[in-house]
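This report describes the surroundings of the bound ligands and the arrangement of one sheet.

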Amino acid sequence: WPAFAEDIDAILALKRERNAVILAHNYQTPEIFHCVADIVGDSLALARKAMTVDAEVIVLAGVHFMAETAKLLNPDKTVLIPDLEAGCSLADSITPEDVRLMRRRYPGVPIVTYVNTSAAVKAESDICCTSGNAKVIVESLGVPCVIMLPDEYLAKNVAAETDVEIIAWKGHCEVHERFTATDIRELRYAHPGVTVLAHPECPPAVVAQADFAGSTAAMSDYVGRHKPARVVLMTECSMSDNVAVEHPEVDFIRPCNLCPHMKRITLANIRATLEENRHIVMIDRQIAEPARRAVEHMLSI
Ligand code: 13P
Ligand code: SF4
């Protein structure tokens, strides 16, 4: 912690000077999540809270699609991301042209796009969803069939819970695709009675073996509500660190996987972002308008 103190003090001063707020995703490391962030949460909470921010500058401590979503909802504010290379394997798995092809292949079928995509992909979509609201969004459309892009596993996990037919894409999260049902069987054998929570980006076989599946916020709420004696979160590593701070009585077992994109964000580059006003997130107006419509359509439900 002493190694972080100088950067933390500098960031807190810079936030006041620049009238800035820091939005941090649940996968950010604890020194970011607990010491400098103003708003924390899952993708859905960050999008919702981005709309209520009363500041001139938003720093998004998370990955690029999250910063783009904040910019879509705050076109007049300066949105900064500490590292432009903080991407996402799901966002990289699909292009706007792919979405147009799907629309031509399945005429009239609505396209629900996970927020883990570029603004250009959102712009080709009818509505967005997050892992926290995917089933509600799919069912809100009142149709027998939807296209859900780009996460194959999220689409299959939602399909298992609804009567709506779901046409999926082939994108995967490079972090969650590595968990297996065998991991869970081994964990249950090694830690009898352990509660297993999984993110819905995990393969369906993993979700089927878990006690509960939900977004990062839903997993955190589950721990708060049920206070299991022992829990494992089948998700990114920092999640357990952040939730464990609030629940010292819960024993966290930690076979986890790191997201290299989330880990690009550090106290040092958050400080540099505010000092040097870089990297400013910009979205072309022709893309921003339809992309914002897709995000706002989601937020209206
Ligand atoms: P949440 O919306 O559940 O926070 O998930 C975002 C994400 O990137 C998970 O890998
Ligand atoms: Fe993307 Fe997976 Fe990293 Fe989330 S954990 S940002 S879905 S690569």
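## Ligand shells and sheet

The shell around ligand 1 divides into 2 nonpolar, 9 polar and 2 charged residues. The model discussed here is predicted. Of the 13 residues around ligand 1, those that come nearest are Asp42, Ser43, Ser131, Ser215 and Thr216.

Ligand 2 is also surrounded by 13 residues, of which Cys88, Ser89, Cys173, Val175 and Cys259 come nearest. The shell of ligand 2 comprises 7 nonpolar, 3 polar and 3 charged residues. The composition of each shell is set out below.

| Ligand | Nonpolar | Polar | Charged |
|---|---|---|---|
| Ligand 1 | 2 residues | 9 residues | 2 residues |
| Ligand 2 | 7 residues | 3 residues | 3 residues |

The description now turns to the sheet. Strands of a sheet pair through backbone hydrogen bonds, in either a parallel or an antiparallel manner. Here, 4 strands are arranged in the order E6-E5-E7-E8 to form an open sheet, and their pairing is parallel. Strand E6 (127–129) and strand E8 (165–168) occupy the edges; each has a single partner strand, so one side of each is left without a neighbour in the sheet. From one strand to the next, the twist averages 35 degrees.

Strand E7 (residues 145–149) and E8 run parallel and are joined by 4 bridges. Methionine 148 has alanine 168, in E8, as its bridge partner.

A helix also packs against this sheet region: H14 (residues 285–299) lies across strand E5 (111–114) and E6, and runs at about 60 degrees to E6.

Conventions
Residues numbered from 1 in each chain as written. Chains lettered and ligands numbered in written order. Predicted model: local features only at pLDDT ≥ 70, side-chain atom pairs only at ≥ 80, totals over all residues. Near = placed C-beta within 6 Å. Nonpolar A, V, L, I, M, F, W, Y, C, P; charged D, E, K, R; others polar. Pairing = 2+ DSSP bridges. Helix = DSSP H or I, 4+ residues; strand = E, 2+ residues; numbered from the N terminus. Axes fitted to C-alpha atoms, helices over the stretch in contact; angles between N-to-C directions. Contact = placed C-beta atoms within 7 Å.
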